[in-house]
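Here are some notes from my pass through this one, jotted down as numbered points. Have the model open while you read.

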Amino acid sequence: MRHDEGSSNPSANRSFHDVLEARLSRREVMAGSLAVAATSFLAGSGLALAAGKGGPAAGKAAALMGFRPVAVAEGNGPIPTISADYTFEVLIPWGEPLVPGGPAYRGEPGTRPTAAEQEQQIGIGHDGMWYFPMDHRGRCDLALLVPRADASGRRRRALGTHKGMLAINHEFGENPHVLGKNTPESLEDVRVSQHAHGVSVVAIENIDGHWRTVSNPNTRRIHVNTPVEFSGPVAGHPLLDNLAGNEPAGTVNNCANGYTPWGTYLSCEENFNGYFGANGTFSPTPGQARYGFSVGGFGYGWHLFDPRFDLSDPGYANEQHRFGWVVEIDPFDGSRKPVKRTALGRFKHEGATFAEGQGGRAVVYMGDDERFDYIYKYVSADNWRSMLARGVSPLDEGTLYVARFDDDGSGEWIELSIADPRLAARFADQAEVLAFARAAADLLGATPMDRPEWSTVAADDMVYFTLTNNSRRTLADAANPLAPNRDGHIIRFMDGDRRIGTSFSWDLFLIARDTHGTEDSFSSPDGIWADPEGRILIETDGGQQDGLNNQLLVADMGTREIRRLLTGVTGDEITGIAVTPDRRTLFVNTQHPGEGNPAWSNFPATDADGNFVFDGVTIPRDCTLVIRRKDGGIIGS
Ligand code: FEO
Ligand code: CA
Ligand code: CA
């Protein structure tokens, strides 16, 4: 994401930095570099970790990551650079027809899709995504859905390794890029912008060694005018009713994602506030301010022609509460409406990482990406399989928690429940607690973090969270690189009671600043995905050091060695991770290549011979990169 809003958290909760500093100070390791400090910190954390065990892990690292890395000196330009041991191809750029033969947009100078065309095309702002393998009946092959350490045999031969549904978020496209102007001048302009946002579900197949879209009855676009439904504790609550009586529709600013073992896609609404504005008088309430609503929003101007997004229109006063949720989508059933799962709370959702907990509970880890906001966990009320068998969604009945990180390397999950007197004094019912989860968490002593982005569960069973950066973190100690935290870091934790407990242990995995000036240099970690063998893929979104474009790196969970697999193009962000069941194909995205400016990049424009070119005029288009090892090996190796 590009919108870099200030903090909206006015609470006095202790920040993560305070906790970290207190922890480090007590161990009297401040004289060393933070990396050393963090290692000492790690060693004392009492966790059984692969990290820091020395010798044997080093040999394993070479086996895990054998590829030749992209050098820092090569990592800058208008066309992506990939390891000499890998190749990439382009899939589903913005404007690609959803199905072969549909209307196409290819970034020709001076042209834009119409609203009607954009509805039949891939959107812009490619972000979180997942690949759902297909079986011979055209349904999700659930046995293949979760990548396994054993990626051979049936996994390599199965149809689902070569054909599936790709569900992909279209987080945002700014007006100059999408419309060629700063402000919409008509409802048609607004509809073009709206249709460029949302989600695409497309069938893709590897035909003769090349991935491409293929026809499928469940291929579809979901955008801000697509009918949706609400489920869980907030469904049916007056907070979601408008005087205008409009039915619930749409999803927006779909950032990162998750997927469930029952074969559905989770799309997360992040900076939804920025699409609202006010044509009349508007003064944000404290509740609205906590979510960043303002008169002008991010400048999309939807409210100028679409009253749903006008905060000053009394007919649509509650439209704002219909966004900020996790949305469940069935990639294999186009007739099912997307469902907003309100039990997971309303905040600026980055991602939703599913893990199975004790007793088969559904556990979902979620970050709220804003400076000084929080990390959350949802735990279903019962075994997810038995809930589904009863016709109850495991994402509708459960408990939402927010994290507090303590100085001693322990932490607590604090329940967001109306039964808590601190919340009962402020909110009328559980629906209000969930709809204003940020404000509820403020009252419970949750730890304000440095912009929680993606999370992943690694081979060591720990949950890794990227904390992308926090320029507004203040600190008297200039030697402490976390304040201001310009470059971000990665934290990890181990939950008690096989994920469903309320206590956890935590430590730091990587401090981005410590890599600067080396071949490992990176900043602003954002996308993250751990493979089942100890590799951790890291994607960046933000100003990189050492002249680098944003990048895709592979880290070794045990040794913390880092290698650069890919760098993007000038002005882009690398985001989105999906893999095929055999882990031989990796999908990642370049988002806002060239910041939409043809003078910076025209990617993925090609010449007549199919070579990528920098022509200075073709409008750059967000797209997916299909990445494979030249020798057909495991991704990341
Ligand atoms: Fe959409 Fe926090 O990135
Ligand atoms: Ca992100
Ligand atoms: Ca980001």
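The points below take the metal site, then the pockets, then the aromatic rings.

1. Before anything else, keep in mind that this is a predicted model. The values below are computed from its atoms, so to speak of them is to speak of the prediction.

2. Start with the calcium ion (ligand 2). Its donors come from Glu350 (OE), Glu453 (OE) and Asp526, the last of these giving OD twice, at 2.2 to 2.6 Å. Along the chain, the donors of this ion are spaced as E-x102-E-x72-D.

3. Where do Glu350 and Glu453 sit in the chain? Glu350 belongs to strand E13 and Glu453 to strand E20, so the pair links distant parts of the chain, 103 residues apart. Are these two glutamates buried or exposed? Glu350 has 1% relative accessibility and counts as buried; Glu453, also at 1%, counts as buried too. The cut-off behind that word is under 20% relative accessible area.

4. Glu453 has a second job to look at on screen: Glu453 bridges the calcium ion (ligand 2) and the calcium ion (ligand 3). The two ions lie 3.7 Å apart.

5. Now the largest pocket, which holds about 870 Å³ of space. Its lining counts 35 residues, and those nearest the centre are Val146, Tyr259, Phe354, Ala355 and Val457. Which element gives the largest share of the lining? That is E13, with six residues. Other elements that give two or more residues include strand E3 (126-133), helix H5 (142-145), helix H11 (384-389) and strand E24 (525-530). By type, the lining divides into 23 nonpolar, six polar and six charged residues.

6. The second largest pocket has a volume of about 320 Å³. It is lined by 18 residues, with Pro93, Arg106, Pro604, Thr606 and Arg621 closest to its centre. Ten of the lining residues are nonpolar, five polar and three charged.

7. On to the rings: the whole structure has 37 aromatic pairs. One of them is Trp262 with Phe354, an edge-to-face pair at 5.7 Å centre to centre with 90° between the planes. Trp262 is in the loop between strand E9 (254-259) and strand E10 (265-269), while Phe354 is in strand E13 (residues 349-356), so this contact links parts of the chain 92 residues apart. Both Trp262 and Phe354 are buried. You have already met Phe354 among the residues nearest the centre of the largest pocket.

8. Compare that with Phe465 and Phe493. Their ring centres are 6.1 Å apart and their planes meet at 20°, so this pair is stacked. Phe465 sits in strand E21 (residues 463-467) and Phe493 in strand E22 (residues 489-495), so the pair ties together parts 28 residues apart in sequence. Phe465 and Phe493 are both buried.

9. There is also a cluster worth a look. Ring pairs join Phe272, Tyr275, Phe276, Tyr291, Phe293, Tyr300, Trp302, Phe309 and Phe323. Phe323 has a charge over its ring as well: the charged end of Lys340 sits 4.2 Å from the ring centre. Elsewhere, Lys377 lies over the face of Tyr401, at 5.7 Å from the ring centre.

How values were computed: Residues are numbered from 1 along each chain as its sequence is written. Chains are lettered from A and ligands numbered from 1 in the order in which they are written. This is a predicted model: local features need pLDDT of at least 70, side-chain atom pairs count only at pLDDT 80 or more; totals for chains, interfaces and linings use all residues. Side-chain values use heavy atoms; hydrogens and water are left out. Rings of Phe, Tyr and Trp (its six-membered ring) pair if their centres lie within 6.5 Å; planes under 30 degrees apart count as stacked, over 60 as edge-to-face and the rest as tilted. Helices (H or I, at least four residues) and strands (E, at least two) are DSSP runs, numbered from the N terminus. Buried means under 20% relative accessible area, exposed over 50%, partly exposed in between (1.4 Å probe, protein chains only). A charge sits over a ring if NZ of Lys or CZ of Arg is within 6 Å of the ring centre and within 35 degrees of the ring normal. On a 1 Å grid over the protein atoms alone, a cavity is a set of points where a 1.4 Å probe fits but cannot get out, and a pocket is an open set with protein on both sides within 12 Å along at least five of seven lines; lining residues have an atom within 4 Å of a point. Grid points are joined across faces, edges and corners, and a volume is the space filled by probe spheres set on the points. Ala, Val, Leu, Ile, Met, Phe, Trp, Tyr, Cys and Pro count as nonpolar, Asp, Glu, Lys and Arg as charged, and the others, Gly among them, as polar. Donors are N, O and S atoms within 2.8 Å of the metal (3.2 Å for Na, K and Ca); water is not among the atoms, so sites may look incomplete.
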